[in-house]
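User: Please take a close look at the interior of the structure shown below. I should like one connected account of how it is packed, set against the charged and exposed side chains.

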Amino acid sequence: MTAGESGSKTAVTRVEDVDLGVLDDTLSFFIRSLNLAVTRDLDARLGGMEVARGTGKITALFLIGRHPGIRPSIIASAAMKDRSAMARILDDMHRHGLIRRETGRGEDGRVQALYLTDKGETLAAEVKAIVRQSRDFFHDMSDEEYAQVIDLLRGIYWRVVKSRQARG
């Protein structure tokens with residue numbers, strides 16, 4: 001059956017009987033679907049923490065903690081977010097007392113350096129422990145399969161990041 005043909009004319013009553021058609025060969029469909037499932041699982045694990053719900057907060061929290069003094073533009077590039085979206089995330093984190101900003105001295109006083117506050121460091125440690133549990137979501141994958149998927153996705157991620165960087 002080709003992508004344009006319709007499948008069975010009977011009603012599907014179980015999700016495992018769904019014929020995905022063209023979606024079955026579409027990487028973006030699987031990435032988006034799995035992202036939703038993984039995000040919901042992580043949000044449930046995070047409960048009411050300040051970094052739950054939304055994208056980019058955990059990435060920003062971890063990158064600032066790992067690279068004190070990092071610029072917002074670098075975090076935006078690593079998170080594949082535009083600068084205005086990252087600015088909103090960082091403003092929210094600042095309002096909640098998780099980060100502090102220092103303006104650059106010397107050549108460009110507009111450049112911001114970001115640092116975690118004590119509250120931010122405590123939250124980062126708590127969230128890191130929860131994120132490490134995310135392997136549990138994939139409990140039915142062998143360690144070998146999991147490592148293969150991570151390696152494949154890591155490679156794709158860095159190719160996309162570098163490609164975006166080259167385009168400016």
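Analyst: Helices (H or I, at least four residues) and strands (E, at least two) are DSSP runs numbered from the N terminus. The model is predicted, so local features need pLDDT of at least 70 and side-chain atom pairs count only at pLDDT 80 or more, whereas totals for chains, interfaces and linings use all residues. Residues are numbered from 1 along each chain as its sequence is written, and side-chain values use heavy atoms, with hydrogens and water left out.

The interior is best approached through the largest nonpolar core, a set of buried Ala, Val, Leu, Ile, Met, Phe, Trp, Tyr and Cys residues joined through side-chain atoms within 4.5 Å. Buried here means under 20% relative accessible area, exposed means over 50%, and partly exposed lies in between (1.4 Å probe, protein chains only). This core has 23 residues, and the members touching the most others are L46, L61, I64, L90, M93, I99 and V127. At least two core residues come from each of α2 (57-66), α3 (72-79), α4 (83-95), β2 (112-116) and α5 (118-132). In soluble globular proteins, nonpolar side chains tend to be buried together.

Three residues show the packing in detail. L61, in helix α2, counts as buried because its relative accessible area is 0%. Contact means heavy atoms within 4.5 Å; beyond four places in sequence, L61 touches V51, M93, L116, G120, L123, A124 and V127. L61 also lies 8.2 Å from L98, C-alpha to C-alpha, although 37 residues separate the two along the chain. L90, with residues up to four places away again set aside, touches A60, I64, P72, I99, R101 and L114. I75, in helix α3, is likewise buried, because its relative accessibility is 0%. Among residues more than four places away, I75 is in contact with A60, L63, I64, I70, M86 and L114. A60, I64 and L114 thus appear among the contacts of both L90 and I75. By contrast, I75 and R32 are 22 Å apart, C-alpha to C-alpha, at a sequence separation of 43 residues.

Charged residues are also found in buried positions. K57 belongs to helix α2. Which side chain of opposite charge is nearest to K57? Counting Lys and Arg as positive and Asp and Glu as negative, with His and the chain ends not counted, that side chain is D92, 4.8 Å away, and buried K57 has no salt bridge. A salt bridge requires a side-chain nitrogen of Lys or Arg within 4 Å of a carboxyl oxygen of Asp or Glu. Apart from neighbours within four places, K57 is in contact with E50, V51, A52, I89, D92 and M93. D43, in helix α1, is buried because its relative accessible area is 14%. Leaving aside neighbours within four places, D43 is in contact with A52 and R53.

The whole structure holds eight salt bridges. One of them joins R45 and D41 at 2.8 Å, N to O; both residues lie in helix α1 (residues 27-46), four residues apart, about one turn of the helix. R45 itself is partly exposed because its relative accessibility is 27%. Another pairs D143 with R135, also at 2.8 Å, N to O. D143 is exposed because its relative accessible area is 62%, while R135 counts as buried at 19%. R14 and D17 form a salt bridge with closest N and O atoms 2.9 Å apart, and the two belong with E16 to a network of salt bridges. D17 is partly exposed at 39%, as is R14 at 44%.

Two surface features complete the contrast. V149, L152, L153, I156 and V160 make a nonpolar surface patch of about 380 Å². Patches consist of residues with over 30% relative accessible area and no salt bridge, with like charges joined within 9 Å and nonpolar side chains (Val, Leu, Ile, Met, Phe, Trp, Tyr) within 5 Å; areas come from the Shrake-Rupley method with a 1.4 Å probe, and for residues only the protein chains shown count as cover. L152, in helix α6 (residues 143-167), counts as exposed because its relative accessibility is 54%. M80 sits in the loop between α3 and α4 and is partly exposed, with a relative accessible area of 29%. M80 has a positive phi of about 55° without being a glycine. Most residues other than glycine have a negative phi.
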